[in-house]
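Colleague: Could you walk me through this chain, please? I'm new to reading structures, so plain sentences would help.

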Amino acid sequence: MPHWEPVLTLDRGAPGPIYARIAAAVAADIRSGRLRPGDALPGARTLARDLGVHRNTVVAAYTALQGQGWIESAEARRHRVSGAV
């Protein structure tokens with residue numbers, strides 16, 4: 001399974017919540033085909049460390065993406081791009 005490397009720069013002065021900007025960036029990568037169905041996303045702790053944000057910020061982004069149908073997750077497993085995308 002390919003490992004997704006985020007290409008994401010967070011402008012701390014940009015409007016809107018950071019979690020929403022992270023979610024929008026992941027959704028954009030899915031729409032563009034950079035992320036494909038079944039691709040694994042980094043764990044919340046890993047992505048938070050890479051972006052310099054709190055883990056709960058990434059959890060909120062993943063929760064938003066899951067609610068929108070972009071990603072799915074199973075108990076104690078990684079988040080993956082939804083096959084329904």
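Modeller: Below we go through the overall layout, the core, one pair of helices and one arginine. Please keep in mind throughout that this is a predicted model.

Colleague: Okay, how many helices and strands are there in the chain?

Modeller: The chain has 3 helices and 2 strands, and if you follow the elements from the N terminus on, their order is α-α-α-β-β.

Colleague: And what share of the residues counts as buried?

Modeller: Of the 85 residues in the chain, 33% count as buried. As for the surface, the chain exposes about 5,000 Å², and 51% of that area is supplied by carbon and sulfur atoms.

Colleague: What about contacts between residues that sit apart in sequence?

Modeller: If you take the contacts between residues at least 6 apart in sequence, 57% of them join residues at least 24 apart.

Colleague: Let's go inside. Which residues touch the most other members of the largest nonpolar core?

Modeller: Those are Ile22 and Leu65, in a core that holds 21 residues. The elements that each give two or more residues to this core are helix H1 (18-32), helix H2 (44-51) and helix H3 (55-67), and H1 gives the most, with 5 residues.

Colleague: What does Leu65 touch, then?

Modeller: Leaving aside residues up to four places away in sequence, Leu65 touches Ala23, Val26, Ala27, Trp70 and Ile71.

Colleague: How do the axes of H1 and H3 cross?

Modeller: The two axes come within 8 Å and cross at roughly 50 degrees. An angle over 35 degrees but under 65 counts as oblique, and H1 and H3 are therefore oblique to each other. The crossing in which H1 passes H3 is right-handed.

Colleague: Which residues meet there?

Modeller: On the H1 side they are Ile18, Tyr19, Ile22, Ala23, Val26 and Ala27, and on the H3 side they meet Thr57, Ala60, Ala61, Ala64 and Leu65. You will recognise Ile22 and Leu65 from the core, where they touch the most other members.

Colleague: Changing topic: is Arg21 buried or exposed?

Modeller: Arg21, which lies in helix H1, counts as buried, because its relative accessibility is 19% and the cut-off for buried is under 20%.

Colleague: And what does Arg21 touch?

Modeller: Again setting aside residues up to four places away in sequence, Arg21 touches Asp11, Ala14, Pro15 and Gly16.

Technical notes:
Residues are numbered from 1 along each chain as its sequence is written. This is a predicted model: local features need pLDDT of at least 70, side-chain atom pairs count only at pLDDT 80 or more; totals for chains, interfaces and linings use all residues. Side-chain values use heavy atoms; hydrogens and water are left out. A nonpolar core is a set of buried Ala, Val, Leu, Ile, Met, Phe, Trp, Tyr and Cys residues joined through side-chain atoms within 4.5 Å. Buried means under 20% relative accessible area, exposed over 50%, partly exposed in between (1.4 Å probe, protein chains only). Helices (H or I, at least four residues) and strands (E, at least two) are DSSP runs, numbered from the N terminus. Contact means heavy atoms within 4.5 Å. Accessible areas come from the Shrake-Rupley method with a 1.4 Å probe; for residues, only the protein chains shown count as cover. Axes are lines fitted to C-alpha atoms, for helices over the stretch in contact, and angles run from 0 to 180 degrees between N-to-C directions. Angles under 35 degrees count as roughly parallel, over 145 as roughly antiparallel, 65 to 115 as roughly perpendicular and the rest as oblique. A crossing is left-handed if the near helix is turned anticlockwise from the far one by less than a right angle, and right-handed if clockwise.
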